[in-house]
Amino acid sequence: MDNKEKKVEVIKSATIRFTGDSGDGMQLTGSQFTSTSAIVGNDLATFPDFPAEIRAPAGTVPGVSGFQLNFSSEKIHTPGDSPDVLIAMNPAALKANIADLKTNGILIVNTDSFTDKDLEKAGYKESPITTDLKNKYQVIEVQISKLTGIALEEKNLSSKEIDRTKNMFALGMTYWMFSRPLDPTIKWIEDKFKGKEDIIEANIIVLKKGFHYAETAEIFISQYQIPGAKLEPGTYRNITGNSAIVLGLVTASYKTHLPLFLGSYPITPASDILHDLSKYKNYHIYTFQAEDEIAAVSAAIGSAYAGGLAVTSTSGPGVCLKSEAINLAIMAELPIVIVNIQRGGPSTGLPTKTEQSDLLQVLYGRNGESPLVVISASTPTDCFDVSLESVRLALKYMTPVFLLSDGYIANGAEPWRIPNTDELPEITHNQITSFPEPKFRPFARNEETLGRHWAIPGTPGLEHRIGGLEKDYHTGNVSYDPNNHEKMVHTRAEKIAGIANDIPDQEVYGEKKGKLLVVGWGSTFGAIRSAVENFNEKNPDKKVSHAHVRYLNPFPKNFKSLLESFDTILVPELNLGQLSFIIQGNFGIKVEKLNKVKGRPFTIQEVQQKIEELIQ
């Protein structure tokens, strides 16, 4: 069939999933498709999904790596429930993902990998590409490995080097299928492999070969076009949650005029924050890879004592180890931001999978009465704003602040409108160089915030000592007086509770009172918002509202009254009901729970089904 006869369909959105062995470059392929889709102006959301093992057994289901991308000409909130197109580079990838593909969806398989040996590794007794499979899906069989080899047969490359480029063939095919340009990826290849001319040439050849194969072969019925989305005017870039936290912290350092210090120990999925921040040394950013989590947070506390903008990053198991030191920061009333990128637990659990099960840990997982601030990001781009807010509250109230994200947000990406730093509010702090009274009192407080003054060691006249022992309310000296201890416990609690006067009221999407309010926090935002939108569109006479909570301690002042304005409260969470427990315990309001602990985010359909169940 001549290419001119092929139908070009203009569609609003599509979801594509690249899957293969961990060594097949699926994350790279997906990220390149993402970058190119961002360049052409689509709104998008991504979901990288990969195993924890550095190298799981090749060709097995546990070793399958996947990258899902939803791209659209309209505003979207999630990477999509089910893919329209699934690329399976081997039998294991097919087995792990085929159940998710939409009926009549497009399935592209690399048939060269469907050997007896690979089928056995995947647990198949015979080829899964059956008539039944072809009746259910649009199955496109392509000898990707063989065609890649033919494209590079005249190049002086090893078979291993040739095999590594086959992901570019798959990428080239999907670029043609969705009318994507090749130039951005060619430029990326030239930069990535600079100095390795053979590798650059090979990858570009295979990328173009895949594109032209899809263009000329009589295997695709249609080519698709997805116009650019109507986004707010501005300059955009593609950004992941962890990258947004990094840029938020760098910006906070700039706005506060304080050098930033990050003490961290590598841990999935938070390690990228350490890696990326280390690239900003010329912005007075100091990063320290400690020997363990305790050293990392202790170094950050030392930085805070010395007047730096102190940050430590980790994930759930790391929070366990940092807990005693965090209490030291609470007792010494030093500002520090603790970034917790949650993952599946307990213990080392599911390191590369997502979960929201650290909420009770960060709120209560320390000895004594030890209140601190807890706020959470809801999307990759929201991580930038939440980082700034974490720093603001930490410095203004001289307190540790937990910033909660999770693996789904950390690795997911979406377009981000780059703000003008002049438009961002200044962030103030309590550092002083003098004290009005003859003798400095290190725990003298601001009457409004109850935050203490921040005196930098070595400042003449402001000599003082701090530590984990209880302090006298007036002098700051060590005190064992029982009445003083109770007063200090109440004071520290009142300081955190008073922050409710300095944060916005809880916003509501939809009506502010009614039959059903869906309350979420963190990475459930996209699935909940899409489910509520879908339900309201189908049921205009049965409106459902959505409140997504950023401030988890303290809650916004209007939160209780908002909850009481609805007949039913639904709380979807990727845990066994931690926010539900807190709401019921704090406000005495019964809530309906929707919980999932599978290491995977909610789908829109899962939330929508629960809404329909409750609203009928």
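Biologist: In strand 6, which residue is the bridge partner of Ala88?
Modeller: This is a predicted model, in which local features need pLDDT of at least 70, side-chain atom pairs count only at pLDDT 80 or more, and totals for chains, interfaces and linings use all residues. Residues are numbered from 1 along each chain as its sequence is written, and side-chain values use heavy atoms, leaving out hydrogens and water. Strand 5 and strand 6 (residues 106-110) run parallel and are joined by 4 bridges, where strands pair if DSSP finds at least two bridges between them. Within strand 6, the partner of Ala88 is Val109.

Biologist: Is the crossover from strand 5 to strand 6 right-handed or left-handed?
Modeller: The chain passes through helix 2 (residues 91-97) between these strands; helices (H or I, at least four residues) and strands (E, at least two) are DSSP runs, numbered from the N terminus. A crossover counts as right-handed if, with the strands pointing away from the viewer, the path from the first strand over the helix to the second runs clockwise. This β-α-β crossover is right-handed.

Biologist: Are Val85, Leu86, Ile87 and Ala88 of strand 5 buried or exposed?
Modeller: In a regular strand the side chains alternate between the two faces of the sheet. In strand 5, Val85 and Ile87 lie on one side, and Leu86 and Ala88 on the other. By relative accessible area (buried under 20%, exposed over 50%, partly exposed in between, with a 1.4 Å probe and protein chains only), all of these residues are buried.

Biologist: What is the order of the open sheet of 4 strands?
Modeller: The pairing in this open sheet is parallel. Strand 22 (residues 566-573), for instance, is joined to strand 23 by 4 bridges. The order is 20-19-22-23.

Biologist: Which strands stand at the edges of that sheet?
Modeller: An edge strand here has a single partner strand, so one side of it is left without a neighbour in the sheet. The two concerned are strand 20 (544-549) and strand 23 (592-595).

Biologist: Which residue precedes Pro554 in a cis peptide bond?
Modeller: Pro554 is placed in the loop between strand 21 (551-553) and helix 19 (559-563). Omega of the bond is near -5 degrees, and the residue joined to Pro554 is Asn553.

Biologist: What is the relative accessible area of His284?
Modeller: His284 is in the loop between helix 11 and strand 11 (285-289). Although not a glycine, His284 has a positive phi of about 60 degrees. His284 is exposed, and its relative accessible area is 53%.
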